[in-house]
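Reader: I would like to learn how to read a few features of a model with several chains, beginning with the way in which copies are related. Could you take me through them one by one?

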There are 4 protein chains.
Amino acid sequence: MSGSSDTEVYVKQGFGKDLELKAPFGLLLIDFVNGFADEAWFGGGNIRDAIACSVDLLAAARERGWPVAHTRIVFADDASDANVFSDKIPSMLHLTEAAEISQIVPDLAPRPGELVVRKQLPSGFAGTSLQGWLTRHGVRTLMIAGCTTSGCVRASVLDAVGAGFVPIVVRDCVGDRAIGPHEANLFDMEKKYAQILDRDTVLAAATVPA
Amino acid sequence: MSGSSDTEVYVKQGFGKDLELKAPFGLLLIDFVNGFADEAWFGGGNIRDAIACSVDLLAAARERGWPVAHTRIVFADDASDANVFSDKIPSMLHLTEAAEISQIVPDLAPRPGELVVRKQLPSGFAGTSLQGWLTRHGVRTLMIAGCTTSGCVRASVLDAVGAGFVPIVVRDCVGDRAIGPHEANLFDMEKKYAQILDRDTVLAAATVPA
Amino acid sequence: MSGSSDTEVYVKQGFGKDLELKAPFGLLLIDFVNGFADEAWFGGGNIRDAIACSVDLLAAARERGWPVAHTRIVFADDASDANVFSDKIPSMLHLTEAAEISQIVPDLAPRPGELVVRKQLPSGFAGTSLQGWLTRHGVRTLMIAGCTTSGCVRASVLDAVGAGFVPIVVRDCVGDRAIGPHEANLFDMEKKYAQILDRDTVLAAATVPA
Amino acid sequence: MSGSSDTEVYVKQGFGKDLELKAPFGLLLIDFVNGFADEAWFGGGNIRDAIACSVDLLAAARERGWPVAHTRIVFADDASDANVFSDKIPSMLHLTEAAEISQIVPDLAPRPGELVVRKQLPSGFAGTSLQGWLTRHGVRTLMIAGCTTSGCVRASVLDAVGAGFVPIVVRDCVGDRAIGPHEANLFDMEKKYAQILDRDTVLAAATVPA
């Protein structure tokens, strides 16, 4: 997305240093719901690939005892909680509690004890109990998978930074409906907010139990 | 940045609806400090153009009585408040209270009664009193200028959405050190979070006093 | 609750100035659910009186077109979102989505378009979309009724202050399971955070439509 | 403060369970500034006793390597950040950056690397970087000293609960300008939000290094 001159200025100004992974770890799966796996609603691009890649990530997280949180976009049945986000994308208001498109995809279904966050904003932290829950469960480094890279993933990464967590974007486990924004946002996040690592690199590095 | 097929999926899925400007209005100027006007530090690209464009925007806001807030990145002299943002970009820690590079550019110097927000994170809202101040002063629609488009502007827009304000990104008054990320983030914001309008369009539309 | 010498120091130090009511107005009803109307669960004291008093307050708010928000404490069925608040009061975890004790009392049942906030913390603002919703709907002064005075009412008042709203505690529409804490907290709020006014005074003063 | 019948209802309804101390620990010292040690400004009651008690608490925290954060109330020189809190208590606006009354008392002066939080609201968390800083430094249980018990201590405890920390109020290290509100707020916090422990009990229990 960004040309070589774009990259040069970031290098010259000292952006994009590596982050250190600090145990304990946790996993956040963002908006992997049926409606984002379906191009007729909010899907497309490489989102299905990201879901497929996340199956083993979730299995490993559970095996290692990491706290796991899932997010869903859920608006009220009467749309009383409509906001600027739904003003920009009115079809979001179809993501109601009981709607099939707002259910987490079967391959990544939550288990008891995992947090399921309902949200009406891009970030999994905005207007939710996610930050407090992660801190209660001792998380310091947060592995982030989900969709879309240019939307709810990036917004959650930003708030994870503010909340004092080390955010790791699991590159092959995040997806977007369009590849241009996917890559542009990986670029921004790598330069300023997060470490971007492949799933297998994450799982090899983060072996300490939570 | 995004190819035509990228744009198509957004159109098909109903993204990017227009937002309605609701009075009262307010103005937020993000990180227009010396260090972001200087390519040797964090500047470059079209940031100086954005500063020049913002002079008349600020004058008009003052004339119309809009509440005006400015942000600066300010870290503690002992770097005790270092965070993931400064881990990624260690030179940010030079932006201390008294440093010349952390002072607002002379052309946009704050006046008494305007809020000057010190922050250590991209968003002007994160860990600051900005939201409460805007609400106290009655703001509903927030005009946003500043830098960088791909960093602190976008992060502030996201939080403005969460805080219930209508965010208007003043296109010619926002800038970035590199044009690729500038355009990619205007694209994302237009599709999902904000209205993007030229300065003169904003000033023509928002004539109601605060 | 506080003796005369307690009061004197507050007067001498200049606490407890009056707040100005600024339109537009909104109404927040906190935790008026069956379980807080029932002394076998979380009720007692003057909570039933506060509910009775709130019926006409709610009717007036609707007639005047004020935005109305209700809160309920709702924990997940699997208690995955347990927190320090529920650690201190484990029976709170019985307040699940479908539980009869977590439903809003019939006399104050929400209408379509009114916000119903699920929360797991004392404040109606903590981890919820309440702040953004109130701002979107233009509220500047927030009338607050509910229970308990020493718990969720006070916590919500504190966050209303932080969010830039003028908080008005409607004295006869707030209640607590025990009168000592009820009065002690009215005292604290009056000195430091809010205006305390009787319902009829509020309704006489706040005649401007939202 | 609360009569025996007040206490009975809390017992019957299952309030006030003990909290478990979880390492790592941190220390928060709230508003121990000259103006709160001086009855001519905001002091009185048992605040000086709380300061004296906190000297050894701070020394022990440093010896054990706990992260330490201090808060100060600091309003802008031009009062541009006035809010409802300062509307209720206008003399708060004298607590500016350079004012002698807003400086931390010499016996508890911060050391390099300790966080010094400027705030304009009761809670040390509201509009500040405190939550993110504590999480970055790994804190799970937060020892809280400071003043006043009925004001900034309680507000900080509430937000600590929301942020997922276990809040421990160090009973002899918190103080208030008046004893009635001091005791009433210890009662509320013990029943609903925090563990209340004497300093020596805290130091005996929390021996694990951070």
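Author: Copies are superposed by least squares on the C-alpha atoms of residues with pLDDT of at least 70 in both. Two copies of a chain are related by a rotation about an axis and a shift along it. This is a predicted model, in which local features need pLDDT of at least 70 and side-chain atom pairs count only at pLDDT 80 or more, while totals for chains, interfaces and linings use all residues. Residues are numbered from 1 along each chain as its sequence is written, and chains are lettered from A and ligands numbered from 1 in the order in which they are written.

Reader: What turn and what shift lay chain A on chain C?

Author: A turn of 180° with a shift of 0.0 Å along the axis lays chain A on chain C, with an RMSD of 0.0 Å. That is the relation of a two-fold axis. Of the residues of chain A, A:G127 comes closest to the rotation axis, its C-alpha being at 2.3 Å.

Reader: How many residues does each of chains A and C bring to the contact?

Author: Two residues are in contact if their C-beta atoms, placed from the backbone, lie within 7 Å. The contact takes 15 residues from chain A and 15 residues from chain C. Helix α4 (residues 130–136) of chain A gives the most to the side of chain A that touches chain C, with 3 residues; helices (H or I, at least four residues) and strands (E, at least two) are DSSP runs, numbered from the N terminus. Because 100% of the interface residues of chain A are also interface residues in chain C, the copies meet through the same surface.

Reader: Is B:V174 buried or exposed?

Author: A residue is buried if 20 or more other C-beta atoms lie within 10 Å of its own, exposed if 12 or fewer, and partly exposed in between, with C-beta atoms placed from the backbone. B:V174, which has its place in strand β5 (residues 166–175) of chain B, is buried, because 30 other C-beta atoms lie within 10 Å. Not counting residues up to four places away in sequence, B:V174 touches several residues, including B:A50, B:C147 and B:V169.

Reader: Which backbone angles deserve attention?

Author: Most residues other than glycine have a negative phi, and most peptide bonds are trans. The peptide bond from B:C147 to B:T148 is cis, with omega near -5°, and B:T148 lies in the loop between β4 (141–147) and α5 (149–162) of chain B. A:D31, although not a glycine, has a positive phi of about 55°.
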